[in-house]
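User: I have a structure open and would like to go through it step by step. Can you take my questions as they come?

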Amino acid sequence: MIARHFGIGLAIVFIASYALAQGMADKGGTDKRRSGTQDMGGVLQKMQDDDTANPGMLFVQLGGELWGKASGASGKSCADCHGSVASMKGVAARYPAIPKGADAPVDLEGRIDLCRTANQRAGSLTSESRELLALTAYVAHQSRGFPITPPDDPRLAPFRARGEKLWQARQGQLNLSCAICHDDNAGKKLAGVTIPEAHPTGYPIYRLEWQTLGSLKRRLRNCLAGIRAEPYAYDAPEYVMLDLFLMDRARGMMLESPGVRP
Amino acid sequence: MANVLVNAPKTAKRGSIVEIKALILHPMETGFRPGPNGRIIPRNIIERFTATWNGTEIFDMEMSPAIAANPFVSFFAVASESGTVGLRWTGDEGFVVEERVAIAVE
């Protein structure tokens with residue numbers, strides 16, 4: 001009995017210190033970075049936190065169905081090889097990464113599609129298709145609350161550096177770089193909207209403007225169109241490079257997938 | 001592909017007011033937008049949402065094309081007896097989805 005109470009006491013202490021650590025990580029003095037969540041209104045924050053109000057959870061549910069469904073010439077489902085989706089805990093926090101036997105990084109969507117074409121021997125899923133988004137959301141949801149931890153793979157460094165270069169480069173008719181808005185002027189207003197710091201903490205996100213779930217790629221295309229630059233092709237490596245750079249920039253921040261954004 | 005999230009209390013005190021929240025995956029295509037080929041995409045919306053408590057209708061809502069995709073509906077009901085809340089969405093292209101949740105009233 002005493003041992004049991006002691007165990008419960010320990011658990012409470014652990015939970016309390018964990019909550020404290022979380023609070024410090026979010027609002028603490030040293031880390032001034034802000035997730036897009038903190039720039040949203042209270043109503044949207046509530047929507048994101050409530051799993052029965054967050055529309056992204058509809059896609060997570062859909063992803064759960066797809067996870068168990070056999071597909072392709074192999075006749076296997078994701079679950080047949082990976083088992084429970086719990087095996088995917090923390091995966092979204094470390095992508096993009098270089099898959100075994102490859103020499104270029106892929107993002108989470110790319111990795112899922114790779115598994116699909118190589119192991120399930122099924123047709124490739126198109127970018128932003130409902131199936132790919134649902135599976136990505138299902139996998140990413142497992143990493144909710146995990147800190148972003150890009151892998152220490154030295155082969156990623158050149159790709160990340162190119163991503164940073166893209167981030168700094170002016171482009172488009174408005175001749176703006178990503179950094180001009182999201183580094184130099186983050187927190188200020190662009191029309192009525194607060195410019196976020198652009199940390200990829202909630203992807204795939206349910207964006208109310210889109211009325212659906214979307215990937216970081218779609219969000220980047222959105223920004224490129226906004227500065228009147230020509231978005232890279234859907235399969236362009238630039239998106240993965242930017243993703244690599246952004247994930248490194250957001251290192252240690254908490255994943256919130258699926259996020260809700262205005 | 002029915003995909004619904006319902007949030008209702010499992011238990012309620014007799015006579016208390018409970019909130020029932022329902023979210024459903026649906027494109028709510030307005031019927032006014034041109035598709036990539038320039039032709040109008042046919043309207044595909046949920047037309048009606050009804051809720052029953054042990055078979056008695058407690059909530060009825062008519063939806064219009066102005067309602068965004070994946071509609072989220074929240075409403076209140078007085079918990080008078082234990083039973084099942086039935087939720088039903090019907091709409092264009094023969095769309096019918098039904099969902100049930102049990103609420104125990106003490």
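**Working through the model**

Analyst: Chain B has a mean pLDDT of 93, and 98% of its residues score at least 70; pLDDT is the predictor's confidence in each residue, from 0 to 100. This is a predicted model, in which local features need pLDDT of at least 70 and side-chain atom pairs count only at pLDDT 80 or more, while totals for chains, interfaces and linings use all residues. Residues are numbered from 1 along each chain as its sequence is written, chains are lettered from A and ligands numbered from 1 in the order in which they are written, and side-chain values use heavy atoms, with hydrogens and water left out.

User: Which elements of chain B have the lowest and the highest mean pLDDT?

Analyst: Strand E2 (residues 11-12) of chain B has the lowest, at 92, and strand E4 (residues 46-53) of chain B the highest, at 96. Helices (H or I, at least four residues) and strands (E, at least two) are DSSP runs, numbered from the N terminus.

User: How many helices and strands are there in chain B?

Analyst: Chain B has zero helices and eight strands. Its C-alpha trace spans about 60 × 20 × 20 Å along the principal axes. Of the 106 residues in chain B, 41% are buried, where buried means under 20% relative accessible area, exposed over 50%, and partly exposed in between (1.4 Å probe, protein chains only).

User: And what is the mean pLDDT of chain A?

Analyst: Chain A averages 89, with 89% of the residues scoring at least 70. Over residues 8-25 of chain A the pLDDT is below 50, and this stretch has four contacts in the model beyond near neighbours in sequence. Contact means heavy atoms within 4.5 Å. Where pLDDT is low, the predicted coordinates should not be read in detail.

User: Which helices of chain A sit at the two ends of the mean pLDDT range?

Analyst: Helix H1 (residues 2-27) of chain A has the lowest mean among the elements of that chain, at 48, and helix H8 (residues 157-168) of chain A the highest, at 96. Chain A has eleven helices and five strands, and 45% of its 262 residues count as buried.

User: What domains does chain A have?

Analyst: The domain assignment gives domain 1 (41-53 + 147-261) and domain 2 (56-141); domain bounds come from an automatic or database domain assignment. The C-alpha centres of domain 1 and domain 2 of chain A lie 21 Å apart. Their contact takes 27 residues from domain 1 of chain A and 25 residues from domain 2 of chain A.

User: Which residues touch the most other members of the largest nonpolar core?

Analyst: Those are A:Phe59, A:Trp67, A:Leu108 and A:Leu135, in a core of 37 residues. A nonpolar core is a set of buried Ala, Val, Leu, Ile, Met, Phe, Trp, Tyr and Cys residues joined through side-chain atoms within 4.5 Å. Helix H3 (56-67), helix H5 (91-94), H6 and helix H7 (130-141) of chain A each supply at least two residues of this core. H7(A) gives the most, with eight residues. Domain 1 and domain 2 of chain A each provide at least three residues of this core.

User: What does A:Leu135 touch?

Analyst: Leaving aside neighbours within four places in sequence, A:Leu135 is in contact with A:Gly63, A:Leu66, A:Trp67, A:Cys78, A:Ile112 and A:Leu125. Another core, of 26 residues, lies apart from the largest one; among its members are B:Val6, B:Ala79, B:Trp89 and B:Val97.

User: Changing topic: where is A:Asp113?

Analyst: A:Asp113 is in helix H6 (residues 108-118) of chain A. A:Asp113 is buried yet has no salt bridge, and the nearest side chain of opposite charge, A:Arg116, is 4.6 Å away. A salt bridge is a side-chain nitrogen of Lys or Arg within 4 Å of a carboxyl oxygen of Asp or Glu; Lys and Arg count as positive and Asp and Glu as negative, with His and the chain ends not counted.

User: Is A:Gly214 buried or exposed?

Analyst: A:Gly214 counts as buried because its relative accessible area is 0%. A:Gly214 lies in strand E4 of chain A. Not counting residues up to four places away in sequence, A:Gly214 touches A:Glu128, A:Leu133, A:Tyr203, A:Pro204 and A:Ile205.

User: What about A:Thr212?

Analyst: A:Thr212 has 23% relative accessibility, so this residue counts as partly exposed. A:Thr212 lies in strand E4 (residues 212-214) of chain A. Among the residues A:Thr212 touches, beyond those up to four places away in sequence, are A:Phe59 and A:Arg218.
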